[in-house]
Amino acid sequence: MICSYCGTEGLEESCSFCGAILNIERPKLKEFVVLEDIEKPFNELACFHTYDLLVLLRLVRKERTKAYDLMITLKKAGKSPQTDQVMVNYSEDLYEPYTKRMKLV
């Protein structure tokens, strides 16, 4: 068997050069990834294919950008009497989980 990481030949279970385990099953691509997948725990996300994680990261960043834009808009409008501080706090509370999930992915 040939190590798919460093190219060392003549191996059976693990690579003598880089230490990679060669007989583990690699993650398979999913048919589709949805934004709700970010709610999954880290152990489940670790079983996702790299491409699926990149798609999920793109979705999370898109939602995070929307939440950030809303937060900035409400902070700017917060100086006017029509905007309530509760709305500004809500927008900040909406932005924070997306930031944490983005770092997790």
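At 28% relative accessibility, E92 counts as partly exposed, a class that lies between buried, under 20% relative accessible area, and exposed, over 50%, as computed with a 1.4 Å probe on protein chains only. The structure is a predicted model, in which local features need pLDDT of at least 70, side-chain atom pairs count only at pLDDT 80 or more, and totals for chains, interfaces and linings use all residues. Residues are numbered from 1 along each chain as its sequence is written, and side-chain values use heavy atoms, with hydrogens and water left out.

E92 forms a salt bridge with K75, the closest N and O atoms being 3.2 Å apart, where a salt bridge is a side-chain nitrogen of Lys or Arg within 4 Å of a carboxyl oxygen of Asp or Glu. This pair links distant parts of the chain, since E92 belongs to helix α3 and K75 to helix α2, 17 residues apart; helices here are DSSP runs of H or I with at least four residues, numbered from the N terminus. K75 is itself partly exposed, with a relative accessible area of 39%. By the rule just given, the count comes to 5 salt bridges. Another of them joins E39 to R101, with the closest N and O atoms 4.0 Å apart, and this pair also connects distant parts of the chain, with E39 in the segment before α1 and R101 in helix α3, 62 residues apart. E39 counts as exposed at 56% relative accessibility, whereas R101 counts as partly exposed at 23%. A further salt bridge brings together the side chains of D37 and K40 at 3.6 Å, N to O; in this pair D37 is buried, with a relative accessible area of 10%, while K40 is partly exposed, with a relative accessible area of 26%.

Helix α2 has 28 residues and reaches 40 Å from its first C-alpha to its last, close to the 40 Å expected at 1.5 Å a residue, the expected span being 1.5 Å times one less than the number of residues in the helix. The buried residues of α2 are D52, V55, L56, L57, V60, A67, M71 and L74, and they pack against α1 (42-45) and α3, contact being taken as heavy atoms within 4.5 Å. In an α-helix there are 3.6 residues a turn, so residues three or four places apart point the same way.

The largest nonpolar core (a set of buried Ala, Val, Leu, Ile, Met, Phe, Trp, Tyr and Cys residues joined through side-chain atoms within 4.5 Å) has 13 residues, of which I38 and L56 touch the most other members. The elements that give two or more residues to this core are α2 (50-77) and α3 (85-104), and α2 supplies the largest share, with 6 residues. In soluble globular proteins, nonpolar side chains tend to be buried together. When neighbours within four places in sequence are left aside, L56 is in contact with V33, V34, D37, I38, L45, F48 and V105.

D52, which lies in helix α2, is buried yet has no salt bridge, and K30, the nearest side chain of opposite charge, is 5.5 Å away; for this purpose Lys and Arg count as positive and Asp and Glu as negative, with His and the chain ends not counted. The side chain of D52 does, however, reach the backbone nitrogen of K30 at 2.9 Å. Residues up to four places away in sequence not being counted, D52 touches K28, L29, K30 and V33.

Between α2 and α3, particular residues can be followed across the chain. S91 is found in helix α3 and, at 0% relative accessibility, counts as buried. Apart from residues up to four places away in sequence, S91 touches L70, M71 and L74. D69, which lies in helix α2, is partly exposed, with a relative accessible area of 43%, and its C-alpha is 9.3 Å in space from that of S91, the two residues being 22 apart in sequence. Y68 is likewise placed in helix α2 and counts as partly exposed at 39% relative accessibility. Y68 and T99 are 31 residues apart in sequence, with 9.8 Å in space from C-alpha to C-alpha.

Terms used:
Polar contact = N/O pair within 3.5 Å; in protein donor to acceptor, adjacent residues only side chain to side chain.
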